[in-house]
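This report goes through selected features of the structure shown here. It starts with a single residue and its backbone and ends with contacts between chains.

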Amino acid sequence: MSEHIVSKKTYYTVFLALLAGTALTVVMAFVNLHNWNIVVALLIAGAKASLVIAFFMHVKYSSKLTKMWVAVGFIWLFLLLAITMTDFLTRAWLVYKP
Amino acid sequence: MSSATAIPSEIADVQWNGERLNYLNNGHGLKSWLLTKDHKRIAILYLISVSAFFILGGIFALLIRINLLVPQGEFPADTYDRLFTAHGVIMVFLFLVPAVPAILGNFLIPIMIGAKDLAFPKINLLSWYIYMLAGVILLYAIFAGGIDTGWTFYTPYSTSYSNSNVLLAGLGIFVAGFSSILTGINFIVTIHTMRAPGMTWFRLPLFVWAHYATALVIMLATPVLAITVSLMAIERVTHVGIFDPAMGGDPVLFQHMFWFYSHPAVYIMVLPAMGIVSELIANLSHKNIFGYKFIAMSSLAIGIFGFLVWGHHLFVSTQSVYLGLAFSFLSYVVAIPSAIKVFNWTATLFKGSISYDTPMLYGLGFIGLFLIGGMTGLFLAALGLDVQVHDTYFVIAHFHYVMVGGSLMGFLGGLHLWWGKMTGREYPEYWARAAMIIQFVGFNLTFFPQFILGYLGMPRRYASYPPEFQVLHVLSTAGASILGIGLGITIFYLLWSLKRGKRAAANPWGAPGLEWRTTSPPPTENFYETPVVTWEAYEFAPIETMEVLGYPGDPGRPTQPVHAEHGTED
Amino acid sequence: MAILVTARTMALIESETAPERVEMHAEHHPQLAHHFESMEQQREAGTLGMWWFLLTEIMFFGGMFLAYTVYRHMYFSAFAEGSNVLSIWWGTFNTAVLIGSSLTMALAVFHAQTGNAKKTTLFLLLTIFLGLVFLRVKYIEYSDKFAEHVFPAGAFEWPTHEAPAGPHNVGDLLLMLTGFEATHEPSVTQQGLPVKVTTNHAEAGPYYGVAGPIPEEIENPSNAGHVRMFFWLYFAMTGFHALHMIIGIGILLVLAVQAWKKKFSREYHSYVELTGLYWHFVDIVWIFLFALLYLVDRHP
């Protein structure tokens, strides 16, 4: 068996980091950063998700293959969002003048 | 019949009827089939049910063609809507998507990579039951009132106006999606973790590569369809405005989400057939396939690029024209890996020692018809031209050339190539060739006139048409009848061969793949010993070196003929 | 030359004995399925399969994230309005609860890996408990919205009352979670009467088409129709998420029983691990849902 057992201490540390991230994201939501609020919120959420994936889901200790598949999942989600949003963002460029 | 001592001890308790133990006679009765976890038996279950749905879908196709014999239409427009939707839904979700992966892929992938079974046999059986559940739901939706939205379920018609069984159909498609997801997971995991010793990635048969790419597409695309039909159902029940422009929603969002699945789904349908064609071209040219790595990688490339082109279905919607430009370009790009395959197959044929057996005829048919289907696809990918031919019979003809000319031809070619392996019996060669030629003629007569119809402006999904189109429609209906007869002959002689066909040899084509190194039909565990692969893919060796691995011999026939031109008399 | 060589083949051919399977694995673990060669291969297959299942889940939720992105882009002000009546207190509390359940799940996996059946069971039960707390809070939030007719289907009333403030102290929280205290007290109403919005195609709103975003002034003045767009997304996304939680809790219950019966060992605990992956995934979805649904436009 070549599985890696993550120590309890790591789990607790990650847990505290996640709680801190939650607190931070709530606090930051009340600060007016104009268009950057959503960016900050998503960055913090992304960081929290990465912590969960890396430690709770053991991806940090997994094979390159698993790492690649995780990346593929998020890349494909990005493709779906990015390409479709390209449509909605560029529609307005064309304005009919009757 | 020799002495009883030659009977392997492990099968001594099986009623001995002169045949060696294989997956077909290892267990009898309905229960042994319905509760089986053997991938080969599950493949047979799929074969039976998928064929039944195919016949049903074909009957709907003939009804469509009958309606279009006369300009005003034989049936009321309402009925006609239900007919073409039934044809589309059955053919897409119950035939084309599962046909090759769930039947031939299921049967062959473990054998080709030298494994005893797929990684999750129970999930494999579950996927068949889920498929049957989806089939029952969809059949109920079709026969208890029908669906009139077309297989694309475009909103807001499907959510606000249609009075047909849209909800049930959505449920059926959702469930069918689960079935293909489970099959996809099984394939990916099996190919990753269960390859026999020595079976490296670049020794995998191209059939396996094609299925690997297909499984990737299934896994990444199908869930989007599931959420799309879920949202459509929620919208239909609650009218909260998800896709309703009257309430702030955008129906084009539905189209984006739908085609994010349904365009890659086209590759789910055709990639496995391409894998089959790679196999049969190489095996029946008796020649190492030209450009192995290019074919393998082009499968992956098609899988990936297939995700980036869905917007060419939305050229005439409100989709941004700037994104349309990008989609148009990317749609041209995806033609490249397909062309790579066609060139490599052709190069494999060059100077090969070709035997024109039925599978090869289907392979050649595939190349020719897929070429026409693919090239007319470029017409449709062109942003400007698509505005003219969008939603006309040109589109219908195009995707039937790819789906019928491609997927169906590939599927039938594969079925013939491996029929002896699957059933232990040979199909009758003369009838098979005749049926293939009839199908080829009938197919072209059906769909070539539709290119002209579409170019002249005949829109799809209309029950009636101006009288000047009648000649072409009659030709098309005539072709459909011929195609139907051809397919009927195939179904007939394949059934006939189950009882009367000659016994199949282990390796009738003199092919090098692992599936030819076990008996026909294979034993339940696929091989008599775990194979160790020491050769490259498609390394054609002298026939006498191709032995059945670890085979202990038949009681009456100590050594089974490994290679014989046409098997042995029963 | 293409040949296959194993010593066993030769032995078989020579002796013409029964074609029994070559036993590759000397010691056969009772939980090793017949078609795998080793426990390691079996575990690897399970993990890979689970990851691929999670990938399909990403794409499944992805469809809703896409709808969210599109409509948020179109109707930002309405989304901000809708988001602000969600209780940030409950949202934050639930995020913490779910993160806590992820921790207990991870610890359950840890104890399964080290072969401690009692502690595995304990942490599985803790995970179930935290999952139930999460669902209970979700129920409180949903009933608030139903009570105020802030549910997209049927009669949708907007503007609505201010968001319920949530519990005042720990005792209050316990009372609300156990259902002994009325969970909702209408507080100050926003100015203006609620506008009822019903499904009616006659009052068709502006269509977002080729010409780009609709100028603000011809949009529905109360924004109510588009706030409803926010709320169907809210209910669909959190609803599908809650459905995943319920399925997860069901699986965890089975696992807890099995762990109690000492079915898992140092060598064999894949199911705990795989369920852990699923549970953490559900947690990740919530992390994003919280940021996207509760925190759209909170700042003054």
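## Backbone features of chain B

B:D391 is partly exposed, because 15 other C-beta atoms lie within 10 Å. The model in which this residue sits is a predicted one. B:D391 belongs to the loop that runs between α13 (383-389) and α14 (393-423) of chain B. Its phi is positive, at about 60°, although B:D391 is not a glycine.

B:F153 is another non-glycine residue with a positive phi, in this case of about 55°. B:F153 is placed in the loop between α4 and α5 of chain B. Is B:F153 buried or exposed? It is buried, because 24 other C-beta atoms lie within 10 Å of B:F153, and a count of 20 or more is what makes a residue buried.

Most residues other than glycine have a negative phi, and most peptide bonds are trans. Two peptide bonds of chain B are described here as cis. One joins B:T155 to B:P156, with omega near 0°. B:P156 lies in the loop between α4 (121-143) and α5 of chain B. The other joins B:S520 to B:P521, and its omega is near -10°. B:P521 is found in the segment that follows α16 (470-500) of chain B.

The table lists these backbone features.

| Residue or bond | Feature | Value |
|---|---|---|
| B:F153 | positive phi | about 55° |
| B:D391 | positive phi | about 60° |
| B:T155 to B:P156 | cis peptide bond, omega | near 0° |
| B:S520 to B:P521 | cis peptide bond, omega | near -10° |

## Surroundings of B:S158 and B:L138

B:S158 is in helix α5 (residues 157-161) of chain B. B:S158 counts as buried because it has 27 C-beta neighbours inside 10 Å. Which residues does B:S158 contact, leaving aside its neighbours within four places in sequence? They are B:T149, B:F153, B:V166, B:M232 and B:R236. Of these, B:F153 is the loop residue with the positive phi. B:M232 is 74 residues away from B:S158 along the chain, yet the C-alpha atoms of the two are separated by 7.9 Å.

The largest nonpolar core has 299 residues. The members that touch the most other members are B:I103, B:I113, B:L138, B:M219 and C:L233. With its neighbours within four places in sequence set aside, B:L138 contacts B:V89, B:I90, B:F93, B:L94, B:A169 and B:G172.

## Helix packing in chain B

Helix α7 (residues 206-238) of chain B and α8(B) have axes that come within 8 Å and cross at roughly 160°. Angles over 145 degrees count as roughly antiparallel, so α7(B) is roughly antiparallel to α8(B). The crossing of these two helices, α7(B) and α8(B), is left-handed. Their contact has 24 nonpolar, six polar and one charged residues.

Helix α8 (residues 251-285) of chain B also packs with helix α9 (residues 292-305) of chain B, at an angle of about 175° and with the axes 11 Å apart. That angle makes α8(B) roughly antiparallel to α9(B). On the α8(B) side the contact is made by B:Y267, B:L271, B:M274 and B:S278, and on the α9(B) side by B:I295, B:S299, B:I302 and B:G303. By class, the residues of this contact are five nonpolar, three polar and no charged.

## Chain C and its contact with chain A

What does the secondary structure of chain C come to? It has eight helices and two strands. From the N terminus on, the order of these elements is α-α-α-α-α-β-α-β-α-α. Chain C has 300 residues, of which 46% count as buried. Taking contacts in chain C between residues at least 6 apart in sequence, 78% join residues at least 24 apart.

Between chains A and C, 42 residues of chain A are in contact with 39 residues of chain C. On the side of chain A that touches chain C, the elements giving two or more residues are α1 (8-29), α2 (36-56) and α3 (64-90) of chain A. The largest share, eleven residues, comes from α3(A). The residues on this side of chain A divide into 30 nonpolar, eight polar and four charged.

How values were computed. Residues are numbered from 1 along each chain as its sequence is written. Chains are lettered from A and ligands numbered from 1 in the order in which they are written. This is a predicted model: local features need pLDDT of at least 70, side-chain atom pairs count only at pLDDT 80 or more; totals for chains, interfaces and linings use all residues. Axes are lines fitted to C-alpha atoms, for helices over the stretch in contact, and angles run from 0 to 180 degrees between N-to-C directions. Helices (H or I, at least four residues) and strands (E, at least two) are DSSP runs, numbered from the N terminus. Angles under 35 degrees count as roughly parallel, over 145 as roughly antiparallel, 65 to 115 as roughly perpendicular and the rest as oblique. Two residues are in contact if their C-beta atoms, placed from the backbone, lie within 7 Å. Ala, Val, Leu, Ile, Met, Phe, Trp, Tyr, Cys and Pro count as nonpolar, Asp, Glu, Lys and Arg as charged, and the others, Gly among them, as polar. A crossing is left-handed if the near helix is turned anticlockwise from the far one by less than a right angle, and right-handed if clockwise. A residue is buried if 20 or more other C-beta atoms lie within 10 Å of its own, exposed if 12 or fewer, and partly exposed in between; C-beta atoms are placed from the backbone. A nonpolar core is a set of buried Ala, Val, Leu, Ile, Met, Phe, Trp, Tyr and Cys residues joined through C-beta atoms within 7 Å.
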